[in-house]
Structures are given as structure tokens and as C-alpha cells.
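This briefing introduces a structure made of several chains to a reader who is new to structural descriptions. Please keep the sequence and the structure in view while reading the points that follow.

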Amino acid sequence: MAANEQESKSLWHHAWDSLISDRTTVIAMSIVLIYSVVALLSTTGLIVSDWSKEVGPSYAPPSSEFLFGLDIFGRSVFAKTIKATEIAMSVGLVTGVLTVLIGVTLGSLAGYYGGKVDEVLVWFYTTVSSVPGIMLLISIAFIVGKGILAVYLSLGLTSWTGLFRLIRGEFIRHKDREYVQAATAIGGGDFRKIFKHILPNVFHIVIINFSLQFQFAIKSEVILSYLGLGVQGVPSWGTMINDAKLELARGNWWQLAAATAAMMVVVLAFNILGDSLRDALDPKLKGK
Amino acid sequence: MKKTSVILLLLTLVGLLGASCTKKESIKGKTLNLAVSSQVKGMDPIYASDRYSSNEVARIYEGLLEYHYLKRPYTLVPNLAESMPEVSADGFTYTFKIKKGVIFQDDPAFPEGKGRELIAEDFVYSIKRLADPKLQGLGWWLLDEKILGLNEWRKKYTELPTVDYAEEVEGLKALDRYTLQFKLAKPFPQFLYALAMPFTFAVSKEVVAKYGNEFLNHPVGTGPFAIKDGVFTQTKKITYVKNPTFREKKYPCEASAKFEKEGLLADCGKKLPLVDRVVVNIIEEDQPRWLNFQKGKVEYVSVPKDNFDTVIPDAKNLSPEYRTKGIDLMVSPSLDVTYTAFNHDLKLFKDNVKLRQAMSLVYDVDTSNKLFYNNQAIPAQSVVPPGIAGHIENYVNPYRGNGKPEQLEQAKKLLAEAGYPEGKGLPEITYDCPSNTVSRQIGEYFKKQMAKIGIVVKVIQNPWPELQKKITTRNVMAYGIAWGADYPDAENFLQLLYGPNKAPGANGSGYDNPEMNRLFKVAAVMQDSPERTALYEKMNRIAAEEVPWIYGVHRQSFVLRHSWLKNFVSSDFDAGIAQYLNIDKNLKAEMLKKL
Amino acid sequence: MSLTSYVLRRLFYVIPVILGVCFLIFMIFNVVSPDPTISMLGKHATKAQVLELREALGLNEPLYVQYFDIVKSAFTFDFGRSWSTKQEIFEMIKQGAIPSMTITFPAFFLSFLISVSISLFVAFYRGTFLDKATVFVCVALMSISSLVYILVGQWFFAFKLGLFEISGYEEGFPEVVPYVLLPIIIIIILGVGPDVRFYRTVMLDEIYQDYVRTARSKGLSERKIMFKHVLKNAMVSIITYVVLRIPFLILGSLLIESFFGIPGLGGITLKAVNSSDFPVIKAMAVLSAIATIVFNVITDVLYVVVDPRVKLN
């Protein structure tokens, strides 16, 4: 037991060392950190609390005075872009966590136990994943009403199926391997085998999936806004990009550009971070 | 695997080359390319409830009457009728003579596939179809309780398994082959407008019988165009060809002075339709519709709100860039009104006219006009739009806000008198709107306006059906919406505030004022007359001062058209206009090079 | 267990899943979503007409009867007609599937080939600058919203440069080509990022497996190892990943279809959901369920065929 803890500690320690030794990863981490700080500051109202103020003429283009130009109401696109970080980060985080919780729990149970448990869970998974996503998205908005909660739930409750399938597949592959059999031989319980033995071996999939989910959620918010199911009352990159479908043809590119750039940077950072985490945490790669 | 990828890449290249080669069309004659912004349902007149579907229906089918293409105010003229009807002295009986020699388009449903002559009985049949309880026609509201015996007929067959069209209805008879008689159950001065609406257009019983449920995909009418290959399929492109057996219908030689001056009579006396093919492109998103127009792929397009500044920098004139391309801007008033309705089921609004007045006063309509309608709309003082009797010229609603500081003060005072000084004690007011970008922005604007006197508003976006449900189930506080005219009569607007029309009727706000109701009941059955206009004006004034809604604007329609499109005028009732449009092919070929 | 009986057993699975899907759809649309009659009747709806129409559509029946009707139509494939367009639903689906697939299938195959090639390439050069740069570009491409690609692509490449048609659809080849090229390219760009990332991960996993080391120690060339061992073994995960996407190809791409005017199934589904057109929703959900299950079974079978370590049960 003690030896095991020692070992896992050094695993994470080792991972951290390798993470901070890579410059790209450090940059990506800093970006995520900066975005998180910005999101926190804007949530607490310390910055851009006056984003809705009219500061100049409608649709003023970018200039030294208005950094990213102004929107239809003469509000600063820069302030809106910053304010929207809050929505994006919270959507990514909450739906990422929801997805991992649901996907990993159900996936490992199904894969590990097999039999009736697997049948029921696979039935549930198949049912949910075979209904076109758009129907579920819209219906969740019907049930919980419009707003940020609907965004969290509709993305979180619909995107766990991919992870479920992967985790289940991995568990099926792993559960008969020698190391699991060895654990059984020394009397390891199911819980222990799932979480202590198999899960670490498939955890890079969870990590990759979480980072994918984080960026997927941020991007999906755009689609939800397009469908009219996005957040209400506060700016989001999704609504900003959606406004551009009327603005672009008249040459108003700044709102689209600002939101796209802000989104691209953080999504990219998350992707790179996910990759680096994978390299660092994958036990099989450790010895190379 | 490598081989397949090479083949696929080659195929793509071939495709690219093909793409550049197939661009040249080799179709003879004139083609009219149109863009519409919404999916078209089937081609059955009785289901043509939205503007898009009814426009498509009206390319193929025709009715007894139509609006004169070049006259304003809107004037009804005979179409399939020989002349305007004979109306009995009591106003209850309308007798029509229909044109002789009008024939249905050829279709296998007819003997030997040759279309037969249209007779008065066809109208009896078509209008019964609209009333058929098994078909649930969407235009039934138009004739509900209006034609003698028709409601009874409908009711009787609701219970029975099949509907018998042979059973005679007292108010709907073909007296002979070409004579049609309507008897009304009650005075209904708007009846003639109903006969110009696609709901009542003539279909043939043989075709309905042959295709049954599929009738909606096999439109066979008497109109100027026929659907290509005889079958309508649900796609994003509908192609029509000229109906070879179309009767001798001529381009009008009279027009309102304005249109005459614009040279719209150039094609006077020419046989309609003037083009050989009509291609309708369904383009739902604004960006592609607009870009396609600029490329000359469609002949005209309504201006999306946000394209305005590039197109029209100084509001009234077109930017030079477009003018050199021969693009023309047409501005014309449309018969509609936008508004923010209060839910009058709520005590908060029902009993508190001062609250409503305060909210109306603080809502700066001029700025909203600038932001959303490019300063081209007409701020609404009350419910009836200009251009129809009942609208009061130069009337100014005392509670119409337009951003003046003294109005803000007055609004604050009224709000205090209403019992909510500085908004204290008022609950958060929800504002429901449809979920498109512009509606959301209008909602945000409303919120900002109300904040000026301390009223807190929450904007909620809804998909259209959900918004409708919320309104009909009274699950709203305030909501933003618009009404477009079904026919050019103030009755069509004033009924929105008539108590008995409460939701799920047209009166979504549930406003119920005994005085208004009394006046409406009197005016609604009167024939057009100075007395009726006086009553309409009186109601319009009450509707202004009582502030049952916060009035928005009467919008203008902005249409951009290419120089090669001839004879285009914009209309609120644009069913059937394609037959009047013309294309200058040489000019088109020349101008396309500049685009 | 033999493969055939396994496949049959799995296909039999359609039944409980369809029951589940019907229940889900029923709960969502008959119980919580807006009354479709109101939007069908439009702005002139009266109380009497709403009641009449509800009766005619069977919405006044007890809930269990309505549920039974849904199940019945799911198993008889008789979905009837759309409430909103009055069209035969079977026809609608038939007409919509082809345009959807005209876009998605070429995009699917091309992006598969491109992604596998790129990931083999980067796995081969793993750790070098080339690897990092390629992955970076792929990831950067996928970090931009699909809506941005559509808006900018349409405005810049189709309109400004005139390389493609702006929107629309023609039946038949090659008339359809100029209309579908841009949508296909956009789908490929959107797909390559995630695909390359995933395939690369899977391939690297394989590269560090013992058998590869063994092969390498036996003196096999790196190229041979890549194609013979790594690609073959990575295929298990790749196939799972790819085959499961096929149902979505049939169902079409919502955004692409609305912006490019493609008359496909994506648009039909969206419109049905937005107007509470129950029969169409039912049909699309059941169709989608069947497609999903069939392709799930195919994946499982492929798992077995490609990777003998996996046992059927």
C-alpha cells in the first residue's frame, strides 16, 4: 500500500517535471491560467463590469480609441470579448467535468463488470446516443429554460457518450490483462481494480477527452447561440460570432475577428495542454 | 490505399474543372430568378397560410379577384371574375360572373390529359374544401361564421366519417355554369378581400381526386405558370415554366401617377406572363441570400437590416458602388406595426395605465428606428399604419417616447404616480422575443430603455413555436412582436385589441376595453364609408392613449433590384406578381460582367 | 459464440433501443415541448380551432395511447405525414438523404485519407519539429468555430474570389460539384484536426508497444514497422472512431446545410424540432437509432476481425 502511494506520487511528480520542462506547454498553461484569472476577475466584477456602456457611435471600426471597434449599440467589442471569457471558461469547465463524471463512471462499470450491468448501461448509452443530438439539446432548453444552466446541461448530458464508449472499450481490453489478473490473485477488490489498476492505465484517454470536451464545449456554445439556445443577457463569443452573419457582408469584421481570436487562443492552449498531459501521464511512455 | 486516394483526388480535380465549365447556361427565353427566405410548404391553397407558401401557390392558382398591380392604395380588380360582383342592397348577397374560356393546365387527371374549362362549380368546390373539417385548412378563420350554411355543413361532417361535397350550402351556389352566388351569414365588408387571398383560389376536383393526399405536390391551376415536370418536390429550388394554355391576360395600361411616372407602363397591353421560367431559390440565411444577389444570381432581394450602411450610406441614396452596377433601391411602406405587448391578464399592467404610459414614454423610438431600421421606418403613434383608412395623419401620441429629456421626467413622474417611484416595488419584468439576432438586439434595447427609470427587464429568447405557446397560455409579461396586414383594412389591425379575440385568438395581449369592444363591434360590420373611418380613427386614438402596447414602428420594405429587372413594384400582397415582371436579357448579360 | 449469432443478437438489440428512443422522444415532445397546433394555425388560431386540430392530430388521446402509437409507427415504419408540410415523411427522408450524403460522404472519405496519411507522417517523424509544426497547424485549424469557416468561406472564397457557388444545390453530377465543393472542404478542414490528433495518439501508443520493439530489434525498417504493424494495430481504434460517425453522415450537417442551401436531412430535423412536428421527429429519431445500432454492430465485428484479442460475449 505504502509503496504504491509512493509510486503514484512520483508518477505525478515526474509528470509535472516533464510538463514544465516543455516551453510550449508552459505557454499553454500560462494562457489557460490567464484566461481563468480574467474569467474570475470579470465574474467578481473587478474588470469590464461596464461592458454594456455605450462608448461611441454604432459600429465604429477599430481605431486607437476603440481597440477592437464597437458593436451595434456602440459598446466596446474589446470589453465584450473579455466579458465573454467568463461564459466560455465556465461552460468548458462544467461540461468537461460533467462529461468525465458520467462517461468514466458508466464506461468503467460497463466495461469492467460486463454482463447485465453492461447490457443496461449500453442500452442507455445507445438510446441516448442514437437520438439526434439537436433534439436533446433543444429539449433540455425546453425543460430547464433558457440560460447558462441549459447550456451546461445540454452540452454535459449529451457529450458523455463518446468517452463512455472509449472507456468501456479500454476496460474490456484491459480487464483480462496480466496485471489485472495479478491484482485479482493478491485479492484486490473490484473497486480497487477499477480505480487503482485499470483507470490509471486508461487515464490518458480521460485527459485527452477532457481537453477535447473543454474546447468542444466552448465551440459548441457558438452553435447553441446559432440555434437561439445560448446564454442570455451577457456577451458570449457565440453570440458575437452569430451577430457577424449579418455584419460580415457589410464589412464589419471586428466583432467576428475578436471573438474568433479570443476563442482560438484558449481552445488551442487547451489542446496543447491536453497533448502534453497525455505525454506526461501516459505510464507506457514513461520508460522510453 | 494510395491508389484510391489518387483516384479521389483526380475526381476532385475533374469536378473542379467541370465546375468552371458548367457555369454557362444555355436556356432559351427569359428566366426570372427569385430568392425567398423560408421553406415553402406544399402547393395546396388551403394550407397556404404563410406569405412564402401563398406566393408559390399564386404562381399556379388564381382567384376571383386580385389587387391591381399598379394601383395604390390597394384596389381590388377582377381576375377570374368577369367583373366586380353585383352586391344586393342589403349587402348580404354577392353575385359573380366568371370569365369564360379559362382552362386548367394540362394534367393526366383530366380526360386525355387536356385541361378542362373552369366553371363556377369549381369555386363552390374549392371553398368547401377550405371548410372541410377533415382537411383542417389553415384559412378557415377567414370564412368562419361568414357564409350562410357553411358552418353548419362543416359541423355536420366533423362527426361523420366522410364529407359530402354534393350537399348544397345555402350561401355558396353555382347558379349556372358561369354564375356564382355567395350569401353571407352576417355583414362582412372584408369579404371581397378574402376572394383575393390564395386560400380561396380555384382548384379542380378531378386533380384532387386523382392525387388524393399527394394533391399538394401536383398543383394544377389556371394561372400564368405551371410547375416544371408537374411535380413539386421539397427542395431548395422550385422551377416554374410558362403555362402554354394561359388565357389572354394583358399587362395593365393604368397605374397610380407615381408608377406611371416611373415608366412602369412600358409593357402595357403585352400578354402575360412576360418571362418563360421562374426559378425560386430558397435561401434561409441572410448572408448567402445577400451575396447571391450581389453576384446577380437573383434579380431582387429585400435588404437585410445590417447590410444597410454599406448599401445606403446617406440613408436615402444608394452608395455609388452599387449605382455603377445598376442596382436600384426601392423603398415602400408596408402595412404593418411592430410593438411590445403587455400581458393584460396581469394586474400589474391591466389596472395601471400610468405604468404603461411611463414605459411607453421612456422608450425612445427614434433611436430604435436608427439602430434597427436605418431611420427609414415610421414611428408608430398607434396601431393602424399609414396607407389605410383609420390612420390619423399627423397625429402625435402624447405617450410616444422619442428620447426627449422632458419625457424622461414625465415618465419618472408617471411611474411614481403608478406607485413605483424609481421602479421600487416593481418586479423584474420579463421580455420575451423570438430567438434571431435582430430580435435579441431589440430586446436588449428595450432593457436599456427601461433601465433609465429604474425598471428591471430580463430578455428571454424563444424559438418561434415556444413564444407562440407562451403568448397563448398567457405565460408572458411583455413580449416583442409584429403584425402584418392580411388585407388593407384597419379592421385587421384593430381586431388585435378587441377583447373577445383574446388568446389563443389574434389579441395576444388580452387587452379588453369595453368602449373599444363596443366601437369595434359596430365598425366591423360597416361598409367602407366616412362614418366607418371616423369610428376607426376614434378607436385608433383610444388605442394610442390607453397604451395597451408600446408601439414600435411601421416598417418600410427595402428592396434592391438589378437594372435588368423591369416592372417591379413592391407590395404587401405580392401573391401573383411574377407574371408582371420582365427581364432585359441584353442588359443583364452586359451588367453581369460588371458584378 | 459464432459471429453470425453474435451479430443477430446485437441486431436484435434494435428493439429495446427503439423502445427507449420512443420513450425519450415521447417524454420530450409530447410532454414538455410547446403545443404544435398553435404554431400550425398561425396568428389566426382560435380556441375552437386549436381544440379541433388537437383532436384531429390525436393529441387529446390519453398519453399511453399516444406512446403506443409512436411505438407502433416505429416498428411498422409508417410515420405518416409531416404535420407542418403535410408531406409523406418517407419521401421527405428519401429526398433529403441524398443531398446530405453528397456532401458528407466525399468529405468523410477524403478527410479519412488525409488524416491517416498525416498521422502516419507525424508518427514517423515523432518528436521532430515537423511533427510539432504539423500537429500545431492541425490543432489551430480545429480551434476555430465551424460557423466562422462557413461565414468567412462563403464571403471570401465564394463571393470575393468567386471560386465556388455561394449557395444552392443542383441534382446530378457534375452540376452539383460547384455547389458542394466549399461545404466539403470546410468539413474536411474541421475534421482533420481532431482526427490527426486522435490517430497520432493511437499510433504512438502502438509504437511504444513491446511488439514494435521486438520488430525493431529484429531489424525491420521503420517504414515497414509503420505500415505493417503500427497502422494495422492502430486500425482497431481508428475504425471504431470512424465507423461510429457514419450515422451522422446520413443525418447531415445542420449548419452547413442551412448556410449553403443544401436540401438535406439536417435541415429537416432542425425544422421539425423547431416546429414540434412530432411525426418527423419520431421518424428521424427512429432512423437515427437504427443507423446507430447497425454501425455499432459493425464496429464490434470489426474489432473482432482486426484484433483477435477481443472476445465476443
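**Briefing on the chains and their contacts**

In this model, 46 residues of chain C are in contact with 42 residues of chain B. The model is predicted. The points below treat the contacts between chains, then each chain in turn.

**Where chain C meets chain B**

- On the side of chain C that touches chain B, at least two residues each come from helix H3 (36-41), helix H4 (47-57), helix H6 (89-124), helix H8 (146-160), helix H9 (177-207), helix H13 (254-260) and helix H14 (265-274) of chain C.
- By class, the residues of that side of chain C are 23 nonpolar, 17 polar and six charged.

**Where chain B meets chain A**

- Chain B brings 19 residues to its contact with chain A, and chain A brings 15 residues.
- Four elements of chain B, namely helix H9 (286-294), helix H10 (308-311), helix H16 (437-451) and strand S16 (457-462), each provide at least two residues of the side that touches chain A.
- The greatest share of that side comes from H9(B), which gives four residues.
- The side of chain B that touches chain A is made up of seven nonpolar, seven polar and five charged residues.

**Chain C: overall form**

- Chain C has 15 helices and zero strands.
- The C-alpha trace of chain C extends over about 85 × 60 × 35 Å along its principal axes.
- Of the 313 residues in chain C, 50% are buried.
- Among contacts in chain C with a separation of 6 or more, 73% join residues that are 24 or more positions apart.

**Chain C: the pair H8(C) and H9(C)**

- The axes of H8(C) and H9(C) approach within 10 Å and cross at roughly 140 degrees.
- This angle is why H8(C) is described as oblique to H9(C).
- The crossing of H8(C) past H9(C) is right-handed.
- On H8(C), the contact is formed by Ser146(C), Tyr149(C), Ile150(C), Gly153(C), Phe157(C) and Ala158(C), while H9(C) contributes Leu182(C), Ile186(C), Ile189(C) and Leu190(C).
- Sorted by class, the contact of H8(C) with H9(C) holds eight nonpolar residues, two polar residues and no charged residues.
- As a general point, an α-helix has 3.6 residues a turn, so residues three or four places apart point the same way.

**Chain A: overall form**

- Chain A consists, in its secondary structure, of twelve helices and zero strands.
- The C-alpha trace of chain A spans about 75 × 45 × 30 Å along its principal axes.
- In chain A, which has 288 residues, 53% of the residues are buried.
- Residues 24 or more positions apart make up 67% of the contacts in chain A with a separation of 6 or more.

**Chain A: the pair H2(A) and H3(A), and helix H8(A)**

- Helix H2 (residues 23-43) and helix H3 (residues 77-113) of chain A pack with axes 8 Å apart, at an angle of about 110 degrees.
- H2(A) and H3(A) are therefore roughly perpendicular to each other, as angles of 65 to 115 degrees count as such.
- H2(A) offers Tyr35(A), Ser36(A), Val38(A), Ala39(A), Ser42(A) and Thr43(A), which meet Ile82(A), Lys83(A), Thr85(A), Glu86(A), Met89(A) and Ser90(A) of H3(A).
- The contact of H2(A) with H3(A) contains five nonpolar, five polar and two charged residues.
- Helix H8 (residues 178-185) of chain A is hardly covered, since zero of its eight residues are buried.
- Gly187(A), just after H8(A), has a positive phi of about 85 degrees.

**Chain B: confidence and one buried residue**

- Chain B has a mean pLDDT of 89, and 93% of its residues reach 70 or more.
- Residues 16-25 of chain B have pLDDT below 50, and this stretch has nine contacts in the model beyond near neighbours in sequence.
- Where pLDDT is low, the predicted coordinates should not be read in detail.
- Ile282(B) lies in strand S10 (residues 277-282) of chain B.
- Ile282(B) counts as buried because it has 24 C-beta neighbours inside 10 Å, and the cut-off is 20 or more.
- Apart from neighbours within four places in sequence, Ile282(B) is in contact with Val36(B), Gln39(B), Val40(B), Lys236(B) and Gly261(C).
- Ile282(B) and Asn402(B) stand 120 residues apart in sequence, and their C-alpha atoms are 38 Å apart in space.

Technical notes. Residues are numbered from 1 along each chain as its sequence is written. Chains are lettered from A and ligands numbered from 1 in the order in which they are written. This is a predicted model: local features need pLDDT of at least 70, side-chain atom pairs count only at pLDDT 80 or more; totals for chains, interfaces and linings use all residues. Two residues are in contact if their C-beta atoms, placed from the backbone, lie within 7 Å. Ala, Val, Leu, Ile, Met, Phe, Trp, Tyr, Cys and Pro count as nonpolar, Asp, Glu, Lys and Arg as charged, and the others, Gly among them, as polar. pLDDT is the predictor's confidence in each residue, from 0 to 100. Axes are lines fitted to C-alpha atoms, for helices over the stretch in contact, and angles run from 0 to 180 degrees between N-to-C directions. Angles under 35 degrees count as roughly parallel, over 145 as roughly antiparallel, 65 to 115 as roughly perpendicular and the rest as oblique. A crossing is left-handed if the near helix is turned anticlockwise from the far one by less than a right angle, and right-handed if clockwise. A residue is buried if 20 or more other C-beta atoms lie within 10 Å of its own, exposed if 12 or fewer, and partly exposed in between; C-beta atoms are placed from the backbone.
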